[in-house]
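Trainee: I would like to learn how to read a protein model. Where do we begin?
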Amino acid sequence: MGLGLGVPYKVNALSTAIFLILYLASIIGLNLIAGAVVLIVKQGNPIALFTSVASNLLGGVVFPISVLPTWLRYISYSLSLTWALSGLRGAMLSGYGIQQLLNYLWPLATLAVIYIVIGITLSSYAFTRILREGSVHMY
């Protein structure tokens, strides 16, 4: 679509790949958290709904985060999509390398690790709990 509109691309493949891998890792962590919440509360998936809506509105997809009020901007900084989009824009539109994108790379990597650790811990707890309760048959 961008090519059809005349958007000039200067893709740095290595930077792009690193940001995509880190973003996918953070998404895996968030999905582990969402799945564990479903197992624990035995309801629909409120976490997935929240992260989907929040990510799109606060992550810089719809509009730049610079137009958000300060308190919402701080919430957007806790979303991995904010950092991934900023890094991918730099890597794909400007051809920036890793050194130039470190300000976006380290928060994304940190969030990915945090999400995965919380996701694994919460999933382990959820599986232990449903096995103890005997509610495995519900899934």
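Mentor: With one term. Contact means heavy atoms within 4.5 Å. Keep in mind that this is a predicted model. Now try serine 55. Setting aside residues up to four places away in sequence, serine 55 touches Phe50, Gly60, Val61, Leu79 and Leu81.

Trainee: Where does serine 55 sit, and is it buried or exposed?
Mentor: Serine 55 belongs to helix α2, residues 46–58. Buried means under 20% relative accessible area. Serine 55 has a relative accessible area of 15%, so it is buried.

Trainee: Let me step back. How many helices and strands does the chain have?
Mentor: There are five helices and zero strands. Along the sequence the pattern reads α-α-α-α-α. The C-alpha atoms fill a box of roughly 60 × 30 × 30 Å along the principal axes.

Trainee: What share of the residues is buried?
Mentor: Of the 139 residues in the chain, 35% are buried. Look at the surface too. The accessible surface comes to about 8400 Å², and carbon and sulfur atoms account for 72% of that.

Trainee: How far along the sequence do the contacts reach?
Mentor: Take the contacts between residues at least 6 apart in sequence. Of these, 69% join residues at least 24 apart.

Trainee: Which residues have the most contacts inside the largest nonpolar core?
Mentor: A nonpolar core is a set of buried nonpolar residues joined through side-chain atoms within 4.5 Å. The largest one here has 14 residues, and Phe19 and Leu108 have the most contacts inside it. Helices α1 (13–41), α4 (80–93) and α5 (102–133) each supply at least two residues of this core. α1 gives the most, with five residues.

Trainee: Which residues does leucine 108 contact?
Mentor: Leave out its neighbours within four places in sequence. Leucine 108 is then in contact with Phe19, Leu22, Tyr23, Ser80, Trp83 and Ala84. There is also a second, separate core of six residues, among them Leu58, Leu68, Leu72 and Leu79.

Trainee: How do I check the length of a helix?
Mentor: Compare an expected span with the distance between the end C-alpha atoms. The expected span is 1.5 Å times one less than the number of residues. For the 14 residues of α4, that gives 20 Å, and the end C-alpha atoms are 20 Å apart, so the two agree. The 32 residues of α5 should span 46 Å, and the ends of α5 are indeed 46 Å apart.

Trainee: How many residues of α4 are buried?
Mentor: In α4, 10 of the 14 residues are buried, so this helix is mostly covered. The buried ones include Trp83, Leu85 and Leu88.

Trainee: Against which helices do the buried residues of α5 pack?
Mentor: They pack against α1 and α4. Among the buried residues of α5 are Leu105, Leu111, Tyr115 and Ile130.

Trainee: At what angle do the axes of α4 and α5 cross?
Mentor: The angle runs between the N-to-C directions of the helices. Here the axes cross at roughly 145° and come within 9 Å. The crossing is left-handed. From α4, Ser80, Trp83, Ala84, Ser86 and Gly87 make the contact; from α5, the partners are Asn103, Tyr104, Pro107, Leu108, Leu111 and Tyr115.

Trainee: What should I look for just after a helix?
Mentor: Look at the backbone angle phi. Glycine 95, just after α4, takes a positive phi of about 70°. Glycine 134 follows α5, and its phi is also positive, near 75°.

Trainee: Which residues does threonine 16 touch?
Mentor: Threonine 16 lies in helix α1. Its relative accessibility is 10%, so threonine 16 counts as buried. Not counting residues up to four places away in sequence, threonine 16 touches Val11, Leu88, Ala91 and Met92.

Trainee: And what lies in the segment before α1?
Mentor: Asparagine 12 is one of the residues there. The C-alpha atoms of asparagine 12 and methionine 92 are separated by 6.1 Å, although these residues are 80 apart along the chain. Beyond its neighbours within four places in sequence, asparagine 12 contacts Ala91, Gly95, Tyr96 and Gly97.

Trainee: Is valine 7 buried or partly exposed?
Mentor: Valine 7, also in the segment before α1, has 30% relative accessibility, so it counts as partly exposed. Outside the residues up to four places away, valine 7 touches Gly2 and Leu93.

Terms used:
Residues numbered from 1 in each chain as written. Heavy atoms only, no water. Helix = DSSP H or I, 4+ residues; strand = E, 2+ residues; numbered from the N terminus. Buried < 20%, exposed > 50% of the residue type's maximum accessible area, 1.4 Å probe, protein only. Areas by Shrake-Rupley, 256 points an atom, 1.4 Å probe, with all protein chains shown as cover. Axes fitted to C-alpha atoms, helices over the stretch in contact; angles between N-to-C directions. Left-handed = near helix turned anticlockwise from the far one by under 90°.
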